Amino acid sequence: MNDDKAPSPSRRQLFKSLTFVPLAAIGVAGCAKESDKPAGNPSAAPSAAPGAYQPTFFNAAEWAFVLAACDRLIPADNIGPSAGQAGVPEFIDRHMQTPYASGDIWYMQGPFVEAAPQFGYQGRLPVRDILRVGIKGINAHCQKHLSGKTFAQLEHADQEALLKAAEAGKLELENISAKEFFTQLLNETRMGYFCDPKHGGNKNMSAWKMIGYPGMRADYTNWVEVRNQPYPLPPVDLAGKRG
């Protein structure tokens with residue numbers, strides 16, 4: 001970037017689309033059911049370094065994809081941290097174990113049709129299955145067309161090219177629309193980046209600090225109508241911790 005204060009194109013696009021994030025879904029991120037957690041999964045993600053988050057929903061191949069893809073959707077720059085640095089993968093892993101992601105709080109009966117965007121998702125799969133089927137499909141595509149590599153093993157430029165193709169609906173995947181998969185993955189990444197830290201993402205309230213969001217402060221009404229001035233106090237999370 002020529003201007004050190006200008007956000008990267010990826011981050012600028014993130015800001016422009018924030019109004020479309022289903023933030024209400026974040027509130028159930030701590031409500032995972034024990035029955036939703038895989039037991040004795042032989043392909044579970046390997047042990048991480050002490051203190052590092054260890055996934056309980058995604059297996060090793062899926063987790064490697066999530067780590068790589070999140071950092072391509074929101075890379076680090078001089079404005080703010082990457083999705084990985086902000087804890088977004090942890091948010092997604094935990095969120096996949098909630099009634100929201102399993103479809104338990106959705107209407108999941110037919111008919112299943114291709115509908116206009118304003119009608120929302122009309123498919124058969126809940127969010128967690130969309131991600132699992134989509135990750136498997138992209139890895140299969142990579143292994144078939146890119147020298148047997150998985151998505152996580154590709155160069156960053158190749159990863160970005162694949163994600164752009166999925167976003168545009170130009171990538172053919174088995175059993176799922178690449179465009180629908182990309183949409184759900186991007187939504188989860190956005191939510192994890194800006195959620196309350198109790199849900200795993202937005203570590204140290206880094207995203208809130210970046211945009212000047214006050215968080216859960218009891219009173220900031222004097223600043224509601226103030227324009228072109230940064231909010232002077234650090235954010236506060238749901239637990240009462242100050243950023």
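Colleague: Which residues of the largest nonpolar core touch the most other members?
Modeller: This is a predicted model, and its largest nonpolar core holds 43 residues. At least two residues of this core come from each of α2, α3, α4, α5, α6, α7 and α8. The members that touch the most others are F58, F65, I92, F151 and F181.

Colleague: Which helix supplies the largest share of this core?
Modeller: Among the helices that each give at least two residues to the core are α6 (156-167), α7 (178-194) and α8 (206-211). The largest share amounts to 8 residues. The helix that supplies this share is α7.

Colleague: Which residues does F151 touch, leaving out those up to four places away in sequence?
Modeller: F151 is one of the core residues that touch the most other members. Beyond four places in sequence, its partners are F65, A68, A69, I138, N139, C142, Q159, L162 and L163.

Colleague: How are α2 and α5 oriented to each other?
Modeller: In α2, A61, E62, F65 and V66 meet R132, I135, I138 and N139 of α5. By class, this contact has 5 nonpolar, 1 polar and 2 charged residues. The axes lie 10 Å apart, at an angle of about 85 degrees. Angles of 65 to 115 degrees count as roughly perpendicular, and α2 and α5 are therefore roughly perpendicular.

Colleague: What percentage of the contacts between residues at least 6 apart in sequence join residues at least 24 apart?
Modeller: The protein has 8 helices and 0 strands, and 42% of its 243 residues are buried. For the contacts in question, the share joining residues at least 24 apart is 61%.

Note on methods
Residues are numbered from 1 along each chain as its sequence is written. This is a predicted model: local features need pLDDT of at least 70, side-chain atom pairs count only at pLDDT 80 or more; totals for chains, interfaces and linings use all residues. Side-chain values use heavy atoms; hydrogens and water are left out. Helices (H or I, at least four residues) and strands (E, at least two) are DSSP runs, numbered from the N terminus. Buried means under 20% relative accessible area, exposed over 50%, partly exposed in between (1.4 Å probe, protein chains only). Contact means heavy atoms within 4.5 Å. A nonpolar core is a set of buried Ala, Val, Leu, Ile, Met, Phe, Trp, Tyr and Cys residues joined through side-chain atoms within 4.5 Å. Axes are lines fitted to C-alpha atoms, for helices over the stretch in contact, and angles run from 0 to 180 degrees between N-to-C directions. Angles under 35 degrees count as roughly parallel, over 145 as roughly antiparallel, 65 to 115 as roughly perpendicular and the rest as oblique. Ala, Val, Leu, Ile, Met, Phe, Trp, Tyr, Cys and Pro count as nonpolar, Asp, Glu, Lys and Arg as charged, and the others, Gly among them, as polar.
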